[in-house]
Amino acid sequence: NSLSSDKLQIGDQLVVSGTAPNPVPAPVVSRSGDSVTGSRIIDKASQYLGTPYRYGGSSPSGFDCSGFTQYIYKQFGISLYRTAASQYGNGVQVSKSQLIAGDLVFFKCGGSTINHVGIYCGNGQFIHSSSPSSGGVIYSSLTSGYYANTYVGARRIVR
């Protein structure tokens, strides 16, 4: 930088090379006043592992995919639309390469419209209420297999 000292004076220019890191999203504050983070959402969602799949279900007695995401977010005072397709309208779009824990991930599973949703956990995994035959609420891979091939996009609810 050709500066004559290690102190900057008004008018000095400091050139920094490289790229700026991605900013860390600020947490959302729930109606209860608590900070909501992706890790808190994942912790809450994981409490329901093994809960049976129930078509139209939105309670701990049984969830469908969007009932599960809606229920989990509601625990933090955050309202989501009811269906997977309509939940795609919540939050802001985020690219697959920028996913963070707590983002909603969406899929077209055997149809022409979005019909499945889960919550991204990190490390290429997401938690969702899958189907009666898979055991209900489970973890699945976003990076390989069925869900990698049916992935549509993601939305960030918690910033």
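In the predicted model described here, residue S133 is found in the loop that joins β8 to β9. This serine is exposed, because its relative accessible area of 74% lies above the cut-off, which is over 50%. Although S133 and P52 are 81 residues apart along the chain, their C-alpha atoms are separated by 9.5 Å.

The two strands on either side of this loop belong to an open sheet of six strands, which are arranged in the order β5-β10-β6-β7-β8-β9 and are paired in the antiparallel sense. At the edges of the sheet stand β5, which covers residues 92-94, and β9, which covers residues 137-141; each has a single partner strand, so one side of each is left without a neighbour in the sheet. From one strand to the next, the twist averages 40°. The antiparallel pairing of β8, formed by residues 125-129, with β9 extends over five bridges, and within this pair the bridge partner of F126 is S140 in β9.

Two helices pack on the sheet. Helix α1, made up of residues 38-46, touches β7 (116-122), β8 and β9, and its direction makes an angle of about 115° with that of β7. Helix α2, made up of residues 65-74, touches β6 (104-107), β7, β8 and β9, while its direction makes an angle of about 50° with that of β7. Strands β7, β8 and β9 are therefore touched by both helices. Helix α2 is mostly covered, since eight of its ten residues are buried. The buried residues in this helix are C65, S66, G67, F68, T69, Y71, I72 and Y73, and burial here refers to a relative accessible area under 20%.

The sheet and the helices that pack on it are part of a protein chain that contains four helices and ten strands in total. Read from the N terminus on, the elements follow one another as β-β-α-β-β-α-α-β-β-β-β-β-α-β. The protein chain has 159 residues, of which 39% count as buried, and its accessible surface comes to about 8900 Å², with 50% of this area belonging to carbon and sulfur atoms. Among the contacts in the protein chain with a separation of 6 or more, 52% are accounted for by residues that lie 24 or more positions apart.

Definitions and conventions: Residues numbered from 1 in each chain as written. Predicted model: local features only at pLDDT ≥ 70, side-chain atom pairs only at ≥ 80, totals over all residues. Heavy atoms only, no water. Pairing = 2+ DSSP bridges. Axes fitted to C-alpha atoms, helices over the stretch in contact; angles between N-to-C directions. Contact = heavy atoms within 4.5 Å. Buried < 20%, exposed > 50% of the residue type's maximum accessible area, 1.4 Å probe, protein only. Areas by Shrake-Rupley, 256 points an atom, 1.4 Å probe, with all protein chains shown as cover.
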